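Hi everyone, thanks for making time for this. I'd like to walk you through a structure and talk about what holds its parts together. Have a look at it first, and then we'll start.

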Amino acid sequence: MSTTAIRSTTRPPASIRIMTESATEPYWQAAREHRLVAPRCQACGTFRFPPTPFCPACRSQAVDWVELEGPTIFSFSIVRGLPDQPDDVLVPVVVEFDNAPNVHVVSNLVDAAPDDVAIGLPLRVDFVTIADGWELPVFQLAD
Amino acid sequence: MTAVAEVAVVGIGATPYYKRGESYPQTTTELAGNAIIAACEDAGIDVEQLDGFAYYAGAGAGYGEQMDTAVFMETLGIPEVTFSAALTSGGGGSAGSIGLARAALVAGDATYVVSVMALQQLQHRLGTVFGAAPVSPLNSFLQPSGLVGPGHLMSVLTRRHMHLYGTTRDAFAEIAISQRQNALNRPKALKRTPITKDDYFAARMIAEPLCLFDFCLETDGAIAVITTTIDRARDLRHPPAKVVAAAHGGRKEWGRAFAWYGMQDPDFASSGHAPIAERLYRQAGIGPEDIDVALLYDHFSPMVLMQLEDYGFCKKGEGGPFVESGAIRYDGGTIPVNTHGGQLSEAYIIGMTHIVEAVEQIRGCAVNQVAGAELALATGGPAALPVSGLVLGRDR
């Protein structure tokens with residue numbers, strides 16, 4: 001890996017806005033505490049993501065918020081030349097987890113050289129402060 | 001085979017195809033009106049005989065604007081409408097809009113049903129439509145990633161396909177090159193210069209593994225298609241293109257697709273069309289080996305490859321070697337694909353050019369006519385559900 005190689009980044013953090021609703025609010029509140037969580041059905045144990053009002057397996061509305069562990073890259077893209085970030089490289093990633101089947105979190109891999117990215121690589125979660133004081137979960141390659 | 005009353009496509013009409021923004025100062029209503037008038041002329045009916053509208057994309061005109069039946073009635077002088085409805089979701093409904101027209105005709109709700117799409121990209125570029133969307137609780141889980149447009153989104157599916165099955169960019173190059181080849185002799189096509197493999201691999205990467213030539217064109221224009229009952233169809237100007245099968249929908253494992261990314265293998269690296277293929281083939285009592293020409297929705301070249309798998313033209317995961325063998329070529333292929341050049345090289349009217357080409361292939365008057373074509377497949381999507389498909393065939 002070249003130390004001068006360009007490193008992946010996010011959209012300009014101050015421009016990233018999110019909006020919550022009752023089903024998704026706990027996810028974003030946990031992110032504020034730098035915890036990455038997903039809802040698991042209290043009745044049947046099925047995970048769902050993004051958070052929605054019902055379990056798609058049993059229609060229960062009761063959930064436990066489970067901290068996600070063991071993130072790895074399920075798939076990714078390398079995006080260059082966005083009109084407002086002509087010199088930046090973004091690596092959008094779909095991330096899967098050891099302890100949460102069915103959960104795919106879509107985020108960015110940051111501070112990585114694009115040539116080093118591959119499906120299956122282990123990650124660690126990090127957080128970036130975005131508009132209105134929210135915290136956005138992002139990922140880095142695990143050491 | 002189900003005993004559904006028979007219907008046929010009898011009229012096709014289109015405006016010229018314009019590069020993005022160049023249809024100005026026409027409006028989408030004017031573009032759509034010109035396409036509807038042309039489709040009626042092609043069918044040999046009067047505009048005043050239209051009494052049904054079967055849209056898709058929620059009646060969106062290129063997503064940014066809406067089409068409206070009452071406006072068309074006022075503008076074109078259509079005296080009475082007895083059916084007006086749209087399939088939900090987006091371009092996935094293009095082929096399915098003919099199935100919606102069939103539903104109206106079979107129910108006796110209408111006699112001449114028009115499906116129409118008009119788009120004009122003056123203010124909005126569809127290539128970054130998701131990045132520009134207003135923030136919502138749902139898209140807060142996608143939009144921050146910088147996957148700003150449909151091509152960016154589908155690049156992630158493509159990467160998974162390459163990982164699982166060893167598919168390479170050579171396959172996508174072959175799709176882009178073969179479709180460009182099909183556009184070279186078409187007067188209306190927006191791209192009529194050949195591309196070579198060197199051109200493909202030298203092109204700008206937009207969302208790796210997708211480059212410029214994997215993306216469809218940015219187009220303005222409109223297309224209208226008229227469907228009626230088979231008895232009426234037989235009295236009209238052209239041989240009917242019979243609706244042999246039509247289906248829209250899909251399964252929850254695909255769902256919102258690349259606006260969601262919750263799909264697991266093998267659905268993740270697919271087109272979501274497998275259930276549509278099953279239903280079309282079952283309705284018609286046919287299989288992929290019976291299809292003579294495949295007009296596959298090609299917003300992005302890898303999605304053509306994944307549809308070839310989902311429609312059973314090759315096995316799941318073998319789309320790469322299949323296209324690289326020359327199988328989809330008009331000249332010498334076993335299943336000619338997008339003989340009109342498709343959205344990659346002719347024009348992008350959100351799936352409607354595929355229906356027009358299917359009709360022309362069945363009439364026997366296509367520019368790149370597949371000799372003796374009896375069954376033509378046209379698809380809509382891959383996108384968030386519903387996606388759709390249509391099989392047109394010769395009458396009798």
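**Salt bridges, cores and an interface**

Let's begin with a pair of charged side chains: B:Arg160 forms a salt bridge with B:Asp265, and their closest N and O atoms are 2.6 Å apart. B:Arg160 sits in helix H4 (residues 150-165) of chain B, while B:Asp265 is in the loop between strand S11 (241-249) and helix H8 (274-284) of chain B, so the pair ties together parts that are 105 residues apart in sequence. The two partners differ in exposure: B:Arg160 is buried, at 7% relative accessibility, whereas B:Asp265 is partly exposed, at 34%. Please keep in mind throughout that this is a predicted model.

How many salt bridges are there over all chains? By the rule used here, the count comes to 17.

Another one in chain B joins B:Asp170 and B:Lys197, with 2.9 Å between the closest N and O atoms. Here the pair links two helices: B:Asp170 belongs to H5 (residues 169-183) of chain B and B:Lys197 to H6 (residues 197-202) of chain B, so parts 27 residues apart in sequence are tied together. B:Asp170 is partly exposed, with a relative accessible area of 26%, and B:Lys197 is partly exposed too, at 41%. Chain B also has a salt-bridge network, which links B:Arg186, B:Glu346 and B:Glu357.

Over in chain A, A:Asp111 forms a salt bridge with A:Arg7, and the closest N and O atoms are 3.4 Å apart. A:Asp111 lies in the loop between S6 and strand S7 (123-129) of chain A, and A:Arg7 lies in the segment before H1 of chain A, so this pair ties together parts 104 residues apart in sequence. A:Asp111 is partly exposed, at 44% relative accessible area, and A:Arg7 is partly exposed at 31%.

Now to where the chains meet. 31 residues of chain A are in contact with 29 residues of chain B. Between them the two chains bury about 2700 Å², 64% of it on carbon and sulfur atoms. Which three residues supply more than any other three of the area that chain A buries against chain B? They are A:Met19, A:Phe74 and A:Val106, which supply 20% of that area.

On the polar side, the rule finds one salt bridge across this interface. The side chains of A:Arg80 and B:Glu208 meet in a salt bridge, at 2.8 Å from N to O. There are also 14 residue pairs in polar contact across the interface of chain A and chain B, with both residues at pLDDT 80 or more. Several elements of chain A supply at least two residues each to the side that touches chain B, among them helix H1 (25-32), strand S3 (72-76) and strand S5 (85-96). S4(A) gives the most, with four residues.

Next, the nonpolar interior. The largest nonpolar core has 138 residues, and those with the most contacts inside it are B:Ile36, B:Leu50, B:Tyr261, B:Leu308 and B:Phe313. A second, separate core of 38 residues includes A:Tyr27, A:Leu68, A:Val110 and A:Trp134. Going back to B:Leu50, its contacts include B:Ile36, B:Ile78, B:Tyr112 and B:Ile226, leaving aside residues up to four places away in sequence.

A covered helix is also worth showing you. In helix H3 (residues 96-106) of chain B, nine of the 11 residues are buried. Those buried residues include B:Ile98, B:Leu100, B:Arg102 and B:Leu105. H3(B) is followed by B:Gly108, whose phi is positive, near 75 degrees.

Finally, the cysteines. How many disulfides does the structure hold over all chains? The answer is zero. A:Cys41 is in no disulfide, and the nearest cysteine sulfur, in A:Cys58, is 3.5 Å away. The cut-off for a disulfide is 2.5 Å between the sulfur atoms, so a separation of 3.5 Å does not count. A:Cys41 is buried, at 2% relative accessible area. And why is B:Cys365 not bonded to B:Cys40? The sulfur of B:Cys365 is 18 Å from the closest cysteine sulfur, in B:Cys40, which is too far for a bond. B:Cys365 is partly exposed, with 44% relative accessibility.

That's my tour, and I'm happy to take questions.

Conventions: Residues are numbered from 1 along each chain as its sequence is written. Chains are lettered from A and ligands numbered from 1 in the order in which they are written. This is a predicted model: local features need pLDDT of at least 70, side-chain atom pairs count only at pLDDT 80 or more; totals for chains, interfaces and linings use all residues. Side-chain values use heavy atoms; hydrogens and water are left out. Buried means under 20% relative accessible area, exposed over 50%, partly exposed in between (1.4 Å probe, protein chains only). A nonpolar core is a set of buried Ala, Val, Leu, Ile, Met, Phe, Trp, Tyr and Cys residues joined through side-chain atoms within 4.5 Å. Contact means heavy atoms within 4.5 Å. Buried area is the accessible area (1.4 Å probe) that two parts lose on being put together, summed over both. A salt bridge is a side-chain nitrogen of Lys or Arg within 4 Å of a carboxyl oxygen of Asp or Glu. A polar contact is a pair of N or O atoms within 3.5 Å; within protein, one must be able to donate a hydrogen and the other to accept it, and residues adjacent in sequence count only if both atoms are side-chain atoms.
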